[in-house]
Structures are given as structure tokens and as C-alpha cells.
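Biologist: Could you walk me through the labels people put on a model like this? I'd like to see what stands behind each word.

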Amino acid sequence: HQRGMELHAWMNPYRVKTTISNTLAPGHLYHRHPERFVQYGNQLFFDPGLPENRSFICDVVRDIVSRYDVDAIHMDDYFYPYPIAGTPFPDDKSFQLYAASQGFSPSQRGDWRRNNVNLLIQQIKLTLAGTKPWVRYGISPFGIYRNKRSDPNGSDTNGLQNYDDLYADIRLWVKKGWIDYNLPQLYWERGHAAADY
């Protein structure tokens with residue numbers, strides 16, 4: 001701060017282990033409540049469908065902004081994980097527990113997943129507003145919201161889609177004012193076949 005720089009705390013909202021063989025700290029929540037986590041491929045995740053996991057993530061955010069002089073909380077692009085071909089994300093238990101009571105039918109799992117992420121994004125914004133309202137909230141989503149083939153408002157791209165594959169409705173978050181800034185991860189060069197910069 002003395003040098004005119006800002007400190008943004010970069011977080012992954014749901015990812016716990018990038019490789020299942022990684023060791024967690026002895027006091028990690030997983031050791032007390034393994035039922036709140038799911039393994040997908042070779043990684044471990046908080047189950048995004050569980051309200052107690054959203055609350056825990058917000059508690060972590062509150063702790064960070066309370067104890068450190070950060071200017072922003074910044075989320076990475078890992079919401080629901082990048083899909084593994086032929087392997088469904090293992091959230092059957094939380095879907096059966098919560099979907100119907102939240103108004104989602106068995107055919108609306110994608111909408112239910114997006115709602116889970118929307119609830120987390122909104123809850124984090126409210127957590128920040130109630131703790132240090134001047135701390136900003138930003139997200140660096142994957143660089144494609146939707147392709148035009150899926151949505152006329154999408155981009156001239158042909159790749160993985162935030163909305164459909166990661167269940168991240170970034171446009172909604174911007175419209176609702178739940179995030180203060182949006183910095184998409186645009187790693188592609190000009191002329192890239194799937195996503196021309």
C-alpha cells in the first residue's frame with residue numbers, strides 16, 4: 001500500500017486438492033466432515049450443492065478480510081470443475097437433498113448447479129458488505145461465457161462454456177451487482193481457431 005499497490009486475495013472457491021494424493025493439514029475441515037466433499041477425477045472438491053459449504057467459504061472470506069488489509073477478494077475460474085469426458089460430477093446426494101425443495105426438477109440439474117454458484121457469489125458479496133464494504137469482489141472466469149451456437153448473445157468461439165460447463169453465470173453476477181469487476185482469462189492469441197482473441 002505504501003508503494004501504491006493493491007493486494008487482492010486470489011481464491012479457488014471449491015477446489016480442495018489438485019491431486020488426490022496431496023496431504024491436507026491435520027485441522028482441515030475434511031477430516032471432521034468428509035461427507036461434505038466429493039472426489040472428481042484426481043481432485044477433491046467441496047460439494048457446491050451443500051449450504052453449509054457456502055457458509056464455510058464465506059467464513060473463510062470473512063476471516064481473510066477481517067485479519068488482513070486486502071483490497072479485494074478475487075475468485076479463480078474453478079466453480080464446478082472442468083468436465084471430464086464420460087464422467088458425471090458426483091453430486092447426486094446433494095441434488096436429491098436440495099433440488100426439489102429449491103424448485104428444481106430432476107431434468108434441471110444444470111440450472112440447480114448454476115443456482116448453487118449464484119447463491120455462493122451473492123453470499124460472498126453480502127459477507128464482504130457486512131464485514132468491510134470497501135473491499136471489492138472480482139472474478140477471473142474462463143474466457144468464454146457462451147458460444148454463439150448455444151446463445152445468440154454468445155461469442156464467435158467454439159470452446160468450453162462457463163454457463164454450460166462450469167455453471168458460472170457471469171453475466172447475471174454483473175447485472176445483479178454481485179461482483180465489482182470481471183477479468184476473464186483470455187489466454188488465446190489473435191487468430192486462435194477456437195477462441196480468437
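Modeller: Here is a short chat about helices and a few single residues. This is a predicted model, where local features need pLDDT of at least 70, side-chain atom pairs count only at pLDDT 80 or more, and totals for chains, interfaces and linings use all residues. Residues are numbered from 1 along each chain as its sequence is written, and side-chain values use heavy atoms, with hydrogens and water left out.

Biologist: Okay, why are α2 and α4 called roughly parallel?

Modeller: Helices here are DSSP runs of H or I with at least four residues, strands are runs of E with at least two, and both are numbered from the N terminus. Helix α2 covers residues 51-67 and helix α4 covers residues 109-131, and they pack at an angle of about 30° with axes 9 Å apart. Axes are lines fitted to C-alpha atoms, for helices over the stretch in contact, and angles run from 0 to 180 degrees between N-to-C directions. Under 35 degrees counts as roughly parallel, over 145 as roughly antiparallel, 65 to 115 as roughly perpendicular, and the rest as oblique. So α2 and α4 get the label roughly parallel.

Biologist: Which residues of α2 and α4 make the contact?

Modeller: Contact means heavy atoms within 4.5 Å. Among them are Ile57, Val61 and Val65 of α2, and Leu120, Ile124 and Leu128 of α4.

Biologist: How do you know what length to expect for α4?

Modeller: You take 1.5 Å times one less than the number of residues. α4 has 23 residues and reaches 33 Å from its first C-alpha to its last, close to the 33 Å expected.

Biologist: What makes Ala99 buried or exposed?

Modeller: Buried means under 20% relative accessible area, exposed over 50%, and partly exposed in between, using a 1.4 Å probe and protein chains only. Ala99 sits at 2%, so Ala99 counts as buried. Ala99 lies in the loop between α3 and α4. Leaving aside neighbours within four places in sequence, Ala99 is in contact with Ser94, Phe104 and Trp112. Trp112 is one of the buried residues of α4, and its C-alpha is 6.5 Å from that of Ala99, though they are 13 residues apart in sequence.

Biologist: And Leu97, is that one buried or exposed?

Modeller: Leu97 is in helix α3. Leu97 has 57% relative accessibility, so Leu97 counts as exposed. Pro152, in the loop between β6 and α5, is exposed too, with a relative accessible area of 70%.

Biologist: What is notable about the phi of Tyr167?

Modeller: Most residues other than glycine have a negative phi. Tyr167 is not a glycine, yet has a positive phi of about 60°. Tyr167 is found in the loop between α5 and α6, and at a relative accessible area of 15% Tyr167 is buried.
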